[in-house]
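Please look through the structure shown here with the sequence beside it. The walk-through below takes it one part at a time.

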Amino acid sequence: MLEIRELSAGYGDKLVLQGANLSVQRGEIVAVIGRNGVGKTTLMKAIIGLLKRKSGDIRFEGQDIGELAPHHRARLGIGYIPQGREVFPRMSVRENLKVGEMLAPRGEQPDYERVYGFFPILRESAPQRAGTLSGGQQQQLAIGRALIGNPKLMLLDEPSEGIQPSIVKEIAHHIRTLNAKFGVTVLFVEQNLDMIMSMAERCYVMGKGRIVGELHP
């Protein structure tokens, strides 16, 4: 489904990714692990298009997407949940979810019931400002917003960051269910070992802007 070959990207003149290679098959849950500063978040931003590639290939379902804008990549079926969640704090929960409708493939209707089925708190807090939610609830909202776009592939950057362990377990369970029941493919960056062990089928290890190893938990 996703093929990355010799991908280089960075910020200004600073090259962070230096020829990264990885692949994700349809239906897999794959983790990217490594120390802080090795390029994990840069990799995610390059895949979704928030950072322009310097060189290399990004292919999604066989199509070269390296020059597409982020919203075009989203409409092909790539959902992105950034580090820090980045919900719109002054907008309501419902309004945040409606933003996800803009990224759905043309002709597809948003499935709010599926989102509320996974995260009932989003129905209960629909009129509430997103900025008043807890960190765990905001993470559920960020995932729900991506799900409204009906993605084939979900990119999650540090989904456990700043969230209490019980909510981390709940989110991991929901992601596994999404994968098993709906076939959503998942690529996630994570440092929480429990979450990695409970979710990942394979792990890529990053070091200094490259993939330096592969593990099977």
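What follows goes through two sheets, a helix, a pocket and two single residues. The model is predicted.

Begin with the sheet of 4 strands. This sheet is open, its strand order is 2-1-4-5, and its pairing is antiparallel. Strand 2 (14-24) and strand 5 (63-64) are the edge strands; each has a single partner strand, so one side of each is left without a neighbour in the sheet. Strands of a sheet pair through backbone hydrogen bonds, in either the parallel or the antiparallel sense.

Strand 1 takes part in two of these pairings. With strand 2, strand 1 pairs in the antiparallel sense over 8 bridges, and within that pairing A9 has L17 of strand 2 as its bridge partner. The two strands form a hairpin with 2 residues between them. G12 lies in the turn and has a positive phi of about 65 degrees. The other pairing joins strand 1 (residues 2-11) to strand 4 (residues 53-60), again antiparallel, over 6 bridges. Here L2 stands opposite F60 in strand 4.

Helix 1 (residues 40-48) packs on this sheet and touches strand 1, strand 2 and strand 4. The direction of the helix makes about 110 degrees with that of strand 1. Is helix 1 largely enclosed by the rest of the structure, or left open? Of its 9 residues, 7 are buried, so helix 1 is largely enclosed by the rest of the structure. The buried residues are K40, T42, L43, M44, A46, I47 and I48. After helix 1 comes G49, with a positive phi near 100 degrees.

The sheet of 6 strands comes next. This one is also open, with the order 6-7-8-3-9-10, and its pairing is mixed. Strand 6 and strand 10 (210-215) stand at the edges with a single partner strand each, so one side of each is left without a neighbour in the sheet. From one strand to the next, the twist averages 20 degrees.

Several pairings in this sheet can be followed in turn, starting from an edge. Strand 6 runs parallel to strand 7 (residues 153-157), and 4 bridges link the two; I81 has L156 in strand 7 as its bridge partner. Strand 7 is in turn joined to strand 8 by 5 bridges, also in the parallel sense, and D157 stands opposite V189 in strand 8. Strand 8 and strand 3 (residues 29-33) are parallel and joined by 4 bridges, with V186 in strand 8 as the bridge partner of I29.

How many residues of strand 8 are buried? In strand 8 (residues 185-189), 5 of the 5 residues are buried, so the strand is largely enclosed by the rest of the structure. In a regular strand, side chains alternate between the two faces of the sheet. In strand 8, T185, L187 and V189 are on one side and V186 and F188 on the other; all are buried, and both faces of the strand are covered.

Helix 6 can be placed through one of its residues. A146 lies in helix 6, and this residue counts as buried because its relative accessibility is 12%, under the 20% cut-off. Leaving aside residues up to four places away in sequence, A146 touches Y80, I81 and P151. A146 and T185 are 39 residues apart along the chain, and their C-alpha atoms are separated by 13 Å.

The largest pocket has a volume of about 540 Å³. Of the 25 residues that line this pocket, I48, Y80, P82, L103 and R145 are the closest to its centre. At least two lining residues are supplied by each of helix 1, helix 2 (70-76), strand 6 (78-81), helix 3 (93-101) and helix 6 (135-148). By class, the lining holds 14 nonpolar, 7 polar and 4 charged residues.

A last residue to find is M102, in the loop between helix 3 and helix 4 (112-118). Is M102 buried or exposed? Its relative accessibility is 55%, so M102 counts as exposed. M102 is 31 residues from H71 in sequence, and the C-alpha atoms of the two are 8.7 Å apart in space.

Terms used
Residues are numbered from 1 along each chain as its sequence is written. This is a predicted model: local features need pLDDT of at least 70, side-chain atom pairs count only at pLDDT 80 or more; totals for chains, interfaces and linings use all residues. Side-chain values use heavy atoms; hydrogens and water are left out. Two strands pair if DSSP finds at least two bridges between them. Contact means heavy atoms within 4.5 Å. Axes are lines fitted to C-alpha atoms, for helices over the stretch in contact, and angles run from 0 to 180 degrees between N-to-C directions. Buried means under 20% relative accessible area, exposed over 50%, partly exposed in between (1.4 Å probe, protein chains only). On a 1 Å grid over the protein atoms alone, a cavity is a set of points where a 1.4 Å probe fits but cannot get out, and a pocket is an open set with protein on both sides within 12 Å along at least five of seven lines; lining residues have an atom within 4 Å of a point. Grid points are joined across faces, edges and corners, and a volume is the space filled by probe spheres set on the points. Ala, Val, Leu, Ile, Met, Phe, Trp, Tyr, Cys and Pro count as nonpolar, Asp, Glu, Lys and Arg as charged, and the others, Gly among them, as polar.
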